[in-house]
Amino acid sequence: MDIPLAEGVLSPSSTEMRPEPPNSLDLNGSQPRRIKLTAPNINLSLDQSEGSVLSDDNLDTPDEIDINVDDLDTPDEADSFEYAGQEEQAAAKDASQEESESIPEYSAEEEREDNRLWRTVVIGEQEQRIDMKVIEPYKKVISHGGYYGDGLNAIIVFAACFLPDSSRTDYNYVMENLFLYVISTLELMVAEDYMIVYLNGATPRRRMPGLGWMKKCYQMIDRRLRKNLKSFIIVHPSWFIRTILAVTRPFISSKFSSKIQYVNTLAELHEMIPMEYVHIPDSIVKYDEDKCIKRRMRTSCLSNDPEMASVEQDIDMTLK
C-alpha cells in the first residue's frame, strides 16, 4: 500500500533515486504486503524556514500517513522462535530416554532366582559351590523315602535311572556337581540311623555311575554317616553291579560289605521296608513287571525239564 505524498514536502524525483527500504521479516514463510515509505526532502539549513529540519511542519506527524495495523502480517500464536538445534536436542533427549527405559531393571526376585542357581555347602570342613542349574534334570536321583522302625531312621532312595548319560560333553562337570548335591542332601536328610535303597533297574549301562565315582561318594561321606548306615539295599542288581562289588570286596571294609543286600523284585523290597513314602519311578515299575513275567515263564519251562532246573539253581547260587 503506497503512502500518499504530501504536497510540497515529498518530491517524486527523490523517490526514484532512493532504494526501497527493507520490508518486514518473513515469519510465516509467506510474502507480506510491502509498505513503501519515502524520505522527506531534507533541507540542511539551520534556520527555521519552510522545508528545513527545524521547521515546525516537519516536527508534526503528517495526517496523510495511514497505516492499517490489522492488515500487517503478525506471527501466529503457534509459531515459536526456537532454532533448529533445539529440535535435534529434543529428539536426542527422547532417544536417550527411550534407550534407558529399554534396559530392564534387576528386580529383587531375579536376584533371589540367581542366588538359587548356586548353593554353597560345607563338605569335609571345606566350602563347596554347587551349580544347581546344570543338575536340575537329575535332582530326582536322590529322595527321601520316609522312616522305618522307631525314631528317625531314614530311608534314602537312590534311583540310578535319573543319572546323566555319559555321552554328554560336560559329563564330568555334571557328575562332580551332582556328587556334591547327593552328599550335602544326604547330610540334611539323615538325623539318626538310615538305610540306602539303590534302584538299579531300568538303568542302561551308559547311565550307570563309574566305580571311581561311587568310591569317591563313600570316602566323602562324613564318618557319622558311614557309622549310622545300617543297610545298603540294591534292587534289581545287574551282573555288572555284582561283578564290581565282588572285585572290590577285598578293598572294602568288612563292616560295609555286611550291610549290602540284594533284592530281585519290588515285592521282596516291600517285605523288608515300609513302601508308603518310597517313590519308585514308572520305568522301574515296568522293568520289575517285565522281569517277573519272564521269571514266571522260565520257571514254568524249567518245571517240565528237571535237568535245566538244576542248572538254573546252580547259576542263581553262584550269583548270590
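**Notebook: loops, cores and the largest pocket**

*S166*

I located S166 in the loop between β4 and α5; helices here are DSSP runs of H or I with at least four residues, strands are runs of E with at least two, and both are numbered from the N terminus. I worked from a predicted model, in which local features need pLDDT of at least 70 and side-chain atom pairs count only at pLDDT 80 or more, while totals for chains, interfaces and linings use all residues. Residues are numbered from 1 along each chain as its sequence is written, and side-chain values use heavy atoms, with hydrogens and water left out.

I looked up the exposure of S166 and found it partly exposed, at a relative accessible area of 37%. The classes are buried for under 20%, exposed for over 50% and partly exposed in between, with a 1.4 Å probe and protein chains only. Which residues does S166 touch, beyond those up to four places away in sequence? I noted Y171 and R206, a contact being heavy atoms within 4.5 Å. I also noted that the C-alpha atoms of S166 and R207 are separated by 6.1 Å, although the two residues lie 41 residues apart along the chain.

*Y138*

I then turned to Y138, which is in the loop between β2 (126–131) and β3 (142–148). Is Y138 buried or exposed? I recorded it as buried, because its relative accessibility is 10%. With neighbours within four places in sequence set aside, Y138 contacts F162, L163, P164, R168, V174 and L178. For the pair Y138 and P164, I read a C-alpha to C-alpha distance of 6.9 Å across 26 residues of sequence.

*Residues with positive phi*

I checked two residues that have positive phi without being glycine. A202 has a phi of about 60° and sits in the loop between β5 and α6. H236 has a phi of about 55° and sits in the loop between β6 and α8. Their exposure I entered separately: A202 is partly exposed at 28% relative accessible area, whereas H236 is buried at 1%.

*I234*

I placed I234 in strand β6. I entered it as buried because its relative accessible area is 2%. Its contacts, apart from neighbours within four places in sequence, are Y198, N200, I241, L245, I260, Q261, Y262 and V263. I234 and L199 are 35 residues apart in sequence, yet their C-alpha atoms are 6.2 Å apart.

*Nonpolar cores*

I next looked up the nonpolar cores, each a set of buried Ala, Val, Leu, Ile, Met, Phe, Trp, Tyr and Cys residues joined through side-chain atoms within 4.5 Å. The largest one holds 41 residues, and I156, L178 and Y194 touch the most other members. I listed β1 (118–123), β4, α5, β5, α6, β6 and α8 as the elements that give two or more residues to this core. Its largest share, eleven residues, comes from α5. There is also a second, separate core of 18 residues, including Y148, M195, I273 and I280.

For I156 I took down the contacts beyond four places in sequence: I142, S143, H144, L186, M189, V190, Y194, M195, I196 and V197.

*Largest pocket*

I looked up the largest pocket and entered about 870 Å³ for its space. Its lining has 34 residues, of which M214, K215, Y218, F232 and F256 are closest to the centre. A pocket here is an open set of points on a 1 Å grid over the protein atoms alone, where a 1.4 Å probe fits, with protein on both sides within 12 Å along at least five of seven lines; lining residues have an atom within 4 Å of a point. The volume is the space filled by probe spheres set on the points, which are joined across faces, edges and corners.

Which element gives the most to this lining? I found that α6 does, with seven residues. Elements that supply at least two lining residues include β4 (153–159), α5 (171–189), β5 (194–199) and α6 (211–220). I divided the lining into 26 nonpolar, three polar and five charged residues; Ala, Val, Leu, Ile, Met, Phe, Trp, Tyr, Cys and Pro count as nonpolar, Asp, Glu, Lys and Arg as charged, and the others, Gly among them, as polar.

*Whole protein*

I closed with the totals. The protein has twelve helices and seven strands, and 30% of its 320 residues count as buried. Of the contacts with a separation of 6 or more, 71% join residues 24 or more positions apart.
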